[in-house]
Structures are given as structure tokens and as C-alpha cells.
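Let's take a walk through this structure together. Have a look at the picture first, and then we'll go from the overall layout down to single side chains.

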Amino acid sequence: GHNGLLYPPGDDDALRHLVNRLAGDPLGRRRLGSAGRQLVAARSWRALGDELVQHYRRLIDHRQPLAA
């Protein structure tokens, strides 16, 4: 990823693989850290909060009923 790494939720092996990969890749860690800092610096707390609220609203609008 450009500013982060994704793995399937609950997949401990995938997370372990990513952590081990980063542990052996100082340049990759610096690149991810720099890209993450740039992303955060380009946004305000207000904008981040608004995005989060919109995300949750979309989730609520498309939620599925829980199985009994």
C-alpha cells in the first residue's frame, strides 16, 4: 500500500507476515510512515470527523438484519 497495509480481519497469519515484512524493510517503513504523515497533515480533524460520520451513515443505511 501507499500509506498503509491491509490484511483480512481476523487473519493473524496475514498480520504476522506484514509485520515481519516491515521488520526487515527499513526503507518500506520510512515510505509508509512518510506517506501516512502527509495524508494526516493534509486533513483537518473536522474533515476527518465528517468523513467518519458519513462512513457510518452509509453502513447504517446498508445494514443487514442480524440472523436470529
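**From the whole chain to its side chains**

Follow the sequence from start to end and the chain reads α-α-α. That makes three helices and zero strands, where helices (H or I, at least four residues) and strands (E, at least two) are DSSP runs numbered from the N terminus. The radius of gyration is 17 Å, well over the 11 Å that the globule rule gives for 68 residues, so the chain is more spread out than a compact globule. (That radius is taken over C-alpha atoms, and the rule is 2.2 Å times the number of residues to the power 0.38.)

Before going on, keep in mind that this is a predicted model: local features need pLDDT of at least 70, side-chain atom pairs count only at pLDDT 80 or more, and totals for chains, interfaces and linings use all residues. Residues are numbered from 1 along each chain as its sequence is written, and side-chain values use heavy atoms, with hydrogens and water left out.

How much of the chain is buried? Buried residues make up 9% of the 68 residues. Here buried means under 20% relative accessible area, exposed means over 50%, and partly exposed is in between (1.4 Å probe, protein chains only).

Now for the charged side chains. There are three salt bridges, each being a side-chain nitrogen of Lys or Arg within 4 Å of a carboxyl oxygen of Asp or Glu. One of them joins Arg16 and Asp13, at 2.5 Å from N to O. Both sit in helix α1 (residues 12–23), three residues apart, about one turn of the helix. Arg16 is partly exposed at 45%, while Asp13 counts as exposed at 54%.

Helix α3 has a salt bridge too: Arg46 and Asp50 both lie there, four residues apart, again about one turn. Their side chains meet at 3.7 Å, N to O. Arg46 is exposed at 64% relative accessibility, and Asp50 is partly exposed at 38%. Then there's Arg43 with Glu51, whose closest N and O atoms are 3.1 Å apart.

Finally, look for Leu59 in helix α3 (residues 45–61). Leu59 is partly exposed, at 45% relative accessibility. Together with Leu52, Tyr56 and Ile60, Leu59 makes a nonpolar surface patch of about 400 Å². Patches are made of residues with over 30% relative accessible area and no salt bridge, with like charges joined within 9 Å and nonpolar side chains (Val, Leu, Ile, Met, Phe, Trp, Tyr) within 5 Å. The areas come from the Shrake-Rupley method with a 1.4 Å probe, and for residues only the protein chains shown count as cover.
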